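Grab a coffee and work through these exercises with the model open in your viewer. Each task comes with a solution that goes step by step.

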Amino acid sequence: MSDVLDVHLFASVFITLFVIMDPPGTVPIFLGLTSAMSRAQRNRAARQAVAVAFGVIVAFALFGQSLLSYMHVSLPALQASGGLLLLLVALELLTGKMEEPQPSGNTNVNVALVPLGTPLLAGPGAIVATMVFVTQTDGSAADWVAIALGVLAVHVCLWLAMRFANVIHRVLGESGTILVTRIAGLLLAAIAVQLVADAVEAFVAAA
């Protein structure tokens, strides 16, 4: 199985992106942005938002490493900056200090693309985390399959969360959504600290 799929890497990618992109936490924002839409329009918006987020993440996964090489940025530097960025996101989740965008008054603006698809779903944290995972691989097919499946699984969860947003919101309620967000922030903070620690260890080893 390890020759076809690195299960540990798949779990790391899935959990990290799941915590960052926070499917349960997107429910109230998605409902707010699509409050004036019909059920069919809301379903279409969910598909479009996930497609945009997936496209952005895949683009950075494929070309992010080339960009790093062009800019002469090392992996430890990316890990450290990514860890600090994820820590800021984790603090926002833990403290509830998150910006909730309001629906645009311009009916020609597709909120599924901006701000929902990006930067809310495919934001800096998810982009940096994906690039870090790609740069850490040894180029084997098992690693690429694990990363691809992890990214795909998270986006499926995002689509399911938005597709059934009304049901999820009724089940979780305001308190349940806040609780899930706080737990996600705690897990993300631990992941961020580990990234920074790995970067410091790499800098020390290279010195």
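**Exercise 1. Contacts and overall shape**

Task: Among contacts between residues at least 6 apart in sequence, what percentage joins residues at least 24 apart? Then check the radius of gyration against that of a compact globule.

Solution:
- Keep in mind that this is a predicted model. Take the contacts between residues at least 6 apart in sequence: 89% of them join residues at least 24 apart.
- Next, the globule check. For 207 residues, a compact globule would have a radius of gyration near 17 Å, and the protein has 18 Å, so the two agree.
- Along the principal axes, the C-alpha trace spans about 55 × 35 × 35 Å.
- On burial, 39% of the 207 residues count as buried.
- The accessible surface comes to about 11000 Å², with 68% of that belonging to carbon and sulfur atoms.

**Exercise 2. Helices and the record**

Task: Count the helices and strands, then see how the UniProt "transmembrane region" spans at 49-71 and 77-95 look in the model.

Solution:
- The tally is eight helices and zero strands, which run α-α-α-α-α-α-α-α from the N terminus on.
- The unreviewed UniProt entry lists "transmembrane region" for residues 12-37, 49-71, 77-95, 107-132, 144-165 and 177-197.
- Residues 49-71 come out as 100% helix and 0% strand, with the end C-alpha atoms 30 Å apart.
- Residues 77-95 are also 100% helix and 0% strand, and there the end C-alpha atoms lie 27 Å apart.

**Exercise 3. Phenylalanine rings**

Task: Find the aromatic pairs in the whole structure and sort them into stacked, tilted or edge-to-face.

Solution:
- A search of the whole structure turns up two aromatic pairs.
- Take Phe10 and Phe14: their ring centres are 6.2 Å apart and their planes sit at 20°, so this pair is stacked. The cut-off for stacked is under 30 degrees.
- Both Phe10 and Phe14 belong to helix 1 (residues 7-21), four residues apart, which is about one turn of the helix.
- Now Phe14 and Phe18: with centres 5.6 Å apart and planes at 35°, this pair is tilted.
- Phe14 and Phe18 likewise lie in helix 1, four residues apart, again about one turn.
- Put together, the ring pairs link Phe10, Phe14 and Phe18 into a cluster.
- How accessible are the three? Phe10 is partly exposed at 25% relative accessible area, Phe14 is partly exposed at 22%, and Phe18 is partly exposed at 28%.

**Exercise 4. A charge over a ring**

Task: Which residue lies over the face of Phe164?

Solution:
- The answer is Arg163, at 5.1 Å from the ring centre of Phe164.
- For an Arg, the distance test is CZ within 6 Å of the ring centre.

**Exercise 5. Backbone oddities**

Task: Look at phi of Asp22, phi of His72 and the peptide bond between Val114 and Pro115. Are Asp22 and His72 buried or exposed?

Solution:
- Some background: most residues other than glycine have a negative phi, and most peptide bonds are trans.
- Asp22 has a positive phi, near 50°. Asp22 sits in the loop between helix 1 and helix 2 (23-33) and is buried, at 7% relative accessible area.
- His72 also has a positive phi, near 60°. His72 is in the loop between helix 3 (39-71) and helix 4 (75-95), and at 74% relative accessibility it counts as exposed.
- Val114 and Pro115 are joined by a cis peptide bond, with omega about 10°. Pro115 is part of helix 5 (residues 112-121).

How values were computed. Residues numbered from 1 in each chain as written. Predicted model: local features only at pLDDT ≥ 70, side-chain atom pairs only at ≥ 80, totals over all residues. Heavy atoms only, no water. UniProt positions renumbered as here; feature names shortened; annotations may be inferred. Helix = DSSP H or I, 4+ residues; strand = E, 2+ residues; numbered from the N terminus. Phe/Tyr/Trp six-rings, centres within 6.5 Å; stacked < 30°, edge-to-face > 60°. Buried < 20%, exposed > 50% of the residue type's maximum accessible area, 1.4 Å probe, protein only. Lys NZ or Arg CZ within 6 Å of the ring centre and 35° of its normal. Rg over C-alpha atoms; globule rule 2.2 N^0.38 Å. Contact = heavy atoms within 4.5 Å. Areas by Shrake-Rupley, 256 points an atom, 1.4 Å probe, with all protein chains shown as cover.
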